[in-house]
Amino acid sequence: MCMAVPSRVVAIEGLTATVEAFGQERQTSLLLLGDEVAVGDYVILGAGGTFAAEVVPEDAAREALAYLAQVLADGQA
Amino acid sequence: MFPEARLDVTLRVEAGRVAGVNIHSNRLVQASKLFAGRRPDEVTHLLPTLFALCGTAQVLAGLAAMERASGISTSSSQTPARQMLLLAETVTEHGLGLARDWPPLVGAEPDLAAARRLKLAMAAVRPALYPAGDWTRPGGGEVRPSLDALGKAVNEARAAVADILSADAEAVLADPDSFHLWHRSGNRPAARLIDEIMAPDLATFGRGPFLPMPEQGPAGLDARLDGDRDGAYLARPDSHGRVFETGPLARMSWHPAVTAQMGAFGAGLLARMVARLAELASSLQEMDQLVHALSDAPAPAACLVDGAGLGLVEAARGLLAHRVELESGRVKRYQILAPTEWNFHPEGPLARGLMGAPAGPELERRATLLALALDPCVACRVTVENADA
């Protein structure tokens, strides 16, 4: 499944953000986003993770992360 | 850490030909079974965040499955509104492919300005149809279309695509001469890539037996999914032993520009690339027409009841199927069958197209192009193992 993992923005430098999800940090481009992004926001990344695809509200991101944690715990991932 | 889904394609070369194709996927094809126990509206609320590339199609397939399970017929206003949402996602995904993914294949930079312009234009469609934001509601949300905003969104998307191609998409595909002039011009990376692929050995690359997905999906799909207790079918679907190709080529083989390339070069790399262009152009046209079919409709009072239902949606990458069983207001069972499981099946169109392909220094690149033409929804890596070496 092409599941997206919501990632929390932990730093921004220019149009590149450092994002974190499940303890892993990575860098992603913010060039394709229409919304302003701030540290603490959640984004979902496109395939390969090079570009952030969308900003998601915190409650939706937390809900998705809780589900994905369940997927991990259940051994589906 | 959450593992990143990917596809690994390994080609085994013997006696100068591809003698074996191994496709390994770590995609989470059974993760949706953890929707069990949730309320249906919780699931449709979760789907767009969980699926970055095809969130709209996922929600629409889920809604169709739930409504079918409950015997709900949606109003005539929901159908064009939902089709409009789906087309906006198809235009976005195909356009991003052309602007972001194709240029590096000819050594150019991605056209991010045009990609962003297209993405933002199509992002305006959802609020212009469902201003209350309730489009994920089973039974349908409140449709209150802003025809002005929708018209602007489609025009802006068309202009962004024209930027990506350096010409209007419909004009490029209008007749063989226009197509030839466009790709020979090499004005944009997309034209240069198509021009390169026009070389006969590349145009025909990946040509295998063409088994297009039937328009209504495979016969007996509901029963196959119902009987799939261990998830084996979700990972490797078939229909009476046949593994269909799904996506733009299967849907667009009627288009004159696609028919022309298929006639000349078969269902290979070039036909698949042109089918994607044709679907981009035709989706924009369909959006134009749909604007006139939209009308206001209140959110109906829909009540989900116990039952099982299959929902099918033609997503950008191909047929997406959701099957749901509802019991006492909760999801009892949930299955998702995505197009990538057909196209990247070990006996599917990618494998069939690569089997027997001539070896050579270009094999890895050609196989990568073919994988990209079939457009997986996760990263895909091709490796060549040469037994002759």
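**Helix packing around α15 in chain B**

Ile194(B) touches Trp102(B), Phe179(B), Trp182(B), His183(B), Leu270(B), Met273(B) and Leu277(B), when residues up to four places away in sequence are not counted. The model is a predicted one, and this briefing follows Ile194(B) from its own helix, α9 of chain B, to the packing of that helix against α15(B). A second helix that packs against α15(B), namely α3(B), is then described, followed by Arg366(B) in helix α18 of chain B and by two positions that UniProt annotates as "binding site" in an unreviewed entry, Ile336(B) and Cys377(B).

**Ile194(B) and the buried side of α9(B)**

- Because its relative accessibility is 0%, and under 20% is the cut-off for burial, Ile194(B) counts as buried.
- The C-alpha atoms of Ile194(B) and Leu270(B) are separated by 7.4 Å, although these two residues are 76 residues apart along the chain.
- Ile194(B) is joined in the list of buried residues of α9(B) by Pro189(B), Ala190(B), Ala191(B), Leu193(B) and Ile197(B).
- The cover over these buried residues of α9(B) includes α6 (147-165), α8 (176-185), α10 (200-203), α15 and α18, which belong to chain B.

**α9(B) against α15(B)**

- Helix α9 (residues 189-197) of chain B packs with α15(B) at an angle of about 150°, and their axes lie 10 Å apart.
- Since angles over 145 degrees count as roughly antiparallel, α9(B) is roughly antiparallel to α15(B).
- The crossing in which α9(B) passes α15(B) is left-handed.
- On the α9(B) side the contact involves Leu193(B), Ile194(B) and Ile197(B), which meet Leu269(B), Leu270(B), Met273(B) and Leu277(B) of α15(B).
- Sorted by class, the residues of the contact of α9(B) with α15(B) comprise seven nonpolar, no polar and no charged.

**α3(B) against α15(B)**

- Helix α3 (residues 78-101) of chain B packs with helix α15 (residues 269-291) of chain B at an angle of about 150°, with 9 Å between their axes.
- That angle makes α3(B) roughly antiparallel to α15(B), and the crossing of these two helices is left-handed.
- Among the residues that α3(B) brings to the contact are Met84(B), Leu87(B), Val91(B), Glu93(B), His94(B) and Leu98(B), while α15(B) contributes residues including Arg276(B), Leu277(B), Glu279(B), Leu280(B), Ser283(B) and Met287(B).
- The contact of α3(B) with α15(B) divides by class into 12 nonpolar, six polar and four charged residues.
- Leu277(B) of α15(B) takes part in the contact with α3(B), and Leu277(B) is also listed in the contact with α9(B).

**Arg366(B) in α18**

- Arg366(B), which lies in helix α18 of chain B, is buried, with a relative accessible area of 17%.
- Its contacts, leaving aside residues up to four places away in sequence, are with Asp201(B), Leu202(B) and Phe205(B).

**Positions annotated in UniProt**

- The unreviewed UniProt entry places the feature "binding site" at Ile336(B), a residue found in strand β5 (residues 330-337) of chain B.
- Ile336(B) counts as buried, with a relative accessibility of 1%.
- The unreviewed UniProt entry also places the feature "binding site" at Cys377(B), which is found in the loop between α18 (363-374) and β6 (379-386) of chain B.
- Cys377(B), at 6% relative accessibility, counts as buried.

Note on methods
Residues are numbered from 1 along each chain as its sequence is written. Chains are lettered from A and ligands numbered from 1 in the order in which they are written. This is a predicted model: local features need pLDDT of at least 70, side-chain atom pairs count only at pLDDT 80 or more; totals for chains, interfaces and linings use all residues. Side-chain values use heavy atoms; hydrogens and water are left out. UniProt positions are given in the numbering used here, feature names are shortened, and annotations may be inferred rather than shown by experiment. Helices (H or I, at least four residues) and strands (E, at least two) are DSSP runs, numbered from the N terminus. Buried means under 20% relative accessible area, exposed over 50%, partly exposed in between (1.4 Å probe, protein chains only). Axes are lines fitted to C-alpha atoms, for helices over the stretch in contact, and angles run from 0 to 180 degrees between N-to-C directions. Angles under 35 degrees count as roughly parallel, over 145 as roughly antiparallel, 65 to 115 as roughly perpendicular and the rest as oblique. A crossing is left-handed if the near helix is turned anticlockwise from the far one by less than a right angle, and right-handed if clockwise. Contact means heavy atoms within 4.5 Å. Ala, Val, Leu, Ile, Met, Phe, Trp, Tyr, Cys and Pro count as nonpolar, Asp, Glu, Lys and Arg as charged, and the others, Gly among them, as polar.
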